[in-house]
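Here is a short tour to read with the viewer open. Take a moment to turn the model around before you start.

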Amino acid sequence: YESVMSVDVDLREYPVGTGFKVISHCSTAGNGNDKTIAIGIDGNQVLESSTTGTTAPNNKFVHHEITVLNSDTPKTMAFGFCMMTQDDTAAGLSNTLNIDWNQKITVSVDVNNATAVTDVNVYALQVIPLK
């Protein structure tokens, strides 16, 4: 995976019972390359677009929305959905993120493709506090 756009998040601002929502909006280039777009949470790819079963998703828009909650457990929960044009959708849940909530992390839009920068355009990456 290669990070195309990223932002740092200070997790110390999110006590137990709070969290943040990550929203990204991208489009894919019109070529035959396979590509997978995911949200990176502290280096872990969450809700990959490849779960839609689409090979070489070309000329499509990809929209991710993921909520990350500080639940005061050893593992952090993240859940959300990925929408792609042409009725390809995927939903996902991960409770295996091992995040230390006393640090800064990087949240990113990550692409798994040999030509990630030219194959995917990232239009937005938002981190919205949920307090």
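## The chain at a glance

How much of the contacts in the chain with a separation of 6 or more comes from residues 24 or more positions apart? The share is 70%. Please keep in mind that this is a predicted model.

The chain has 131 residues, and buried residues make up 45% of them. About 6500 Å² of the chain is exposed, with carbon and sulfur atoms supplying 48% of that area.

## Order of the elements

If you like to trace a fold from the N terminus, you will count nine strands and one helix. Along the sequence they follow the pattern β-β-β-β-β-β-β-β-α-β, with the helix sitting between the eighth strand and the last one in that pattern.

## An open sheet of four strands

Next, pick out the open sheet that four strands form in the order β1-β8-β3-β4. The pairing in this sheet is antiparallel. Its edge strands are β1 (2-10) and β4 (44-46), each of which pairs on one side only. From one strand to the next, the twist averages 25°.

Inside that order, β8 and β3 are neighbours. Strand β3 covers residues 36-41 and strand β8 covers residues 104-112, and the two pair in the antiparallel sense over six bridges. A handy place to look is Gly40, whose bridge partner in β8 is Ser108.

## Two salt bridges

How many salt bridges does a search of the whole structure find? It finds two.

One of them joins the side chains of Asp10 and Arg12, with an N to O distance of 2.8 Å. Is Asp10 buried or exposed? Asp10 has a relative accessible area of 18%, and because the cut-off for buried is under 20%, Asp10 counts as buried. Asp10 is also the last residue of β1 (2-10), one of the edge strands of the open sheet.

The other salt bridge is between Glu65 and Lys21, where the closest N and O atoms are 3.6 Å apart. Glu65 belongs to strand β5 (residues 61-69) and Lys21 to strand β2 (residues 19-28), so this pair ties together parts that are 44 residues apart in sequence. As for its surroundings, Lys21 is partly exposed, with a relative accessible area of 25%.

Key. Residues are numbered from 1 along each chain as its sequence is written. This is a predicted model: local features need pLDDT of at least 70, side-chain atom pairs count only at pLDDT 80 or more; totals for chains, interfaces and linings use all residues. Side-chain values use heavy atoms; hydrogens and water are left out. A salt bridge is a side-chain nitrogen of Lys or Arg within 4 Å of a carboxyl oxygen of Asp or Glu. Buried means under 20% relative accessible area, exposed over 50%, partly exposed in between (1.4 Å probe, protein chains only). Two strands pair if DSSP finds at least two bridges between them. Axes are lines fitted to C-alpha atoms, for helices over the stretch in contact, and angles run from 0 to 180 degrees between N-to-C directions. Contact means heavy atoms within 4.5 Å. Accessible areas come from the Shrake-Rupley method with a 1.4 Å probe; for residues, only the protein chains shown count as cover.
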